[in-house]
Amino acid sequence: MASKDAQNQRRGLPSFLPGAPDPDQSLPASSSNPGNQAWQLSLPLPSSFLPTVSLPPGLEYLSQLDLIIIHQQVELLGIILGTETSNKYEIKNSLGQRIYFAVEESICFNRTFCSTLRSCTLRITDNSGREVITVNRPLRCNSCWCPCYLQELEIQAPPGTIVGYVAQKWDPFLPKFTIQNANKEDILKIVGPCATCGCFGDVDFEVKTINEKLTIGKISKYWSGFVNDVFTNADNFGIHVPADLDVTVKAAMIGACFLFDFMFFEHSLAGL
């Protein structure tokens, strides 16, 4: 009995910043072909892994992940007609199993005339069709010459409850963003490279502490090949974060991925 208590005492709750992962923490077992199935949290988490406060409904999937993959679906109609269609994304775990699906809601006028600056709402649902995260993007500027009205996202989880923001910060040389909590207090900073073309390799946005002295993760736009990058808008992203990072911050980083896609990778031909 004493040894069991000592073992439970050694299993602390996950902290905000990265730490040594718990060796007992693992993803649910998958079938022989995990890439073609949707992932569901089938077993309850051990009590020692649960945070002191309840997680937003649906975000318990994120509590176990240190890699989140985002795959944009190809819209054949848009490629054939040369029109801008609403974006759709599959959000997967490291095994390639889908955990969420995101759909952009925007009007055709905004997609046609406001293009990558358009206002929109991205609704993220789990595999049962329940909406768990809402990302709201207002119409904003995207230029170092207009630093007073830069890009911003609002993250809600569940819908109707604001848990954070992603805000662009003015910088004459590098793309910089901050992840903020519900009170708009800065939590983390994201710093991108000078060149975000990504035609011949991955593009990494480093996730840093506010003073930029410590890197705790990164958001990568994966290179999918020259033909795919130039002639389609289908992008693949990977979010590398500590497994014990707060799930609301992980949700905000998913929103940041969508923002980077709109700002830097929506039109591959324009980046050449």
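**Strand S8 and its surroundings**

A hairpin of six residues joins S7 to S8. The model described here is predicted. Within this hairpin, strand S7 (residues 162–169) and S8 run antiparallel and are paired over six bridges. Ala167 is the residue that stands opposite Thr178 in S8. On its other side in the sequence, S8 pairs with strand S9 (residues 186–191), again in the antiparallel sense, over five bridges. The bridge partner of Phe177 in S9 is Ile190. Four residues lie between the strands in the hairpin of S8 and S9, and among them Lys184 takes a positive phi near 65°. Lys184 also lies over the face of Tyr165, at 4.7 Å from the ring centre.

The protein chain as a whole contains five helices and 12 strands. Of its 272 residues, 45% are buried. Contacts between residues 24 or more positions apart make up 47% of those with a separation of 6 or more. The chain exposes about 13400 Å², and carbon and sulfur atoms supply 58% of this area.

Against this background, S8 is largely enclosed by the rest of the structure, because six of its six residues are buried. In a regular strand, side chains alternate between the two faces of the sheet. In S8, Lys176, Thr178 and Gln180 point one way, whereas Phe177, Ile179 and Asn181 point the other way. The residues of both sets are buried.

Aromatic contacts were examined next. A pair of aromatic rings is described by the distance of the centres and the angle of the planes. The count comes to 10 aromatic pairs. In one of these, Phe177 and Phe260 are 4.8 Å apart from centre to centre, with 55° between the planes, and the pair is tilted. This pair links distant parts of the chain, since Phe177 belongs to strand S8 (residues 176–181) and Phe260 to helix H5 (residues 247–265), 83 residues apart. Phe177 has a relative accessible area of 0% and is therefore buried. The value for Phe260 is likewise 0%, so Phe260 is buried.

A further pair is formed by Phe205 and Phe265, with 6.5 Å between the centres and 90° between the planes, an edge-to-face arrangement. Here too the pair links distant parts of the chain: Phe205 is in strand S10 (residues 203–208) and Phe265 is in helix H5, 60 residues apart. Both Phe205 and Phe265 are buried. The residues of these two pairs belong to one aromatic cluster, made up of Phe177, Phe205, Phe237, Phe260, Phe264 and Phe265.

Charged side chains provide another set of links. Side chains of opposite charge can pair when their charged atoms come close. The count comes to 12 salt bridges. One of them joins Arg118 to Glu104, with the closest N and O atoms 2.7 Å apart. The partners come from distant parts of the chain, 14 residues apart: Arg118 is in the loop between helix H3 (108–114) and strand S4 (120–126), and Glu104 is in strand S3 (residues 98–105). Arg118 and Glu104 are both buried.

Strand S10, which holds Phe205, also takes part in a salt bridge through Asp204. The side chains of Lys218 and Asp204 meet at 4.0 Å, N to O. This pair links distant parts of the chain, with Lys218 in strand S11 (residues 215–222) and Asp204 in S10, 14 residues apart. Lys218 has a relative accessible area of 32%; a residue is buried under 20% and exposed over 50%, so Lys218 is partly exposed. Asp204, at 32% relative accessibility, also counts as partly exposed.

A salt bridge of 3.0 Å, N to O, connects the side chains of Glu206 and Lys208. The two partners fall into separate classes of burial. Glu206 counts as partly exposed because its relative accessibility is 35%, whereas Lys208 is buried, with a relative accessible area of 12%. Elsewhere, salt bridges that share partners join Asp171, Lys176, Lys189 and Glu212 into one network. Strand S8 thus takes part in both kinds of side-chain link: Lys176 is a member of this network, and Phe177 is a member of the aromatic cluster.

Note on methods
Residues numbered from 1 in each chain as written. Predicted model: local features only at pLDDT ≥ 70, side-chain atom pairs only at ≥ 80, totals over all residues. Heavy atoms only, no water. Phe/Tyr/Trp six-rings, centres within 6.5 Å; stacked < 30°, edge-to-face > 60°. Helix = DSSP H or I, 4+ residues; strand = E, 2+ residues; numbered from the N terminus. Buried < 20%, exposed > 50% of the residue type's maximum accessible area, 1.4 Å probe, protein only. Lys NZ or Arg CZ within 6 Å of the ring centre and 35° of its normal. Pairing = 2+ DSSP bridges. Contact = heavy atoms within 4.5 Å. Areas by Shrake-Rupley, 256 points an atom, 1.4 Å probe, with all protein chains shown as cover.
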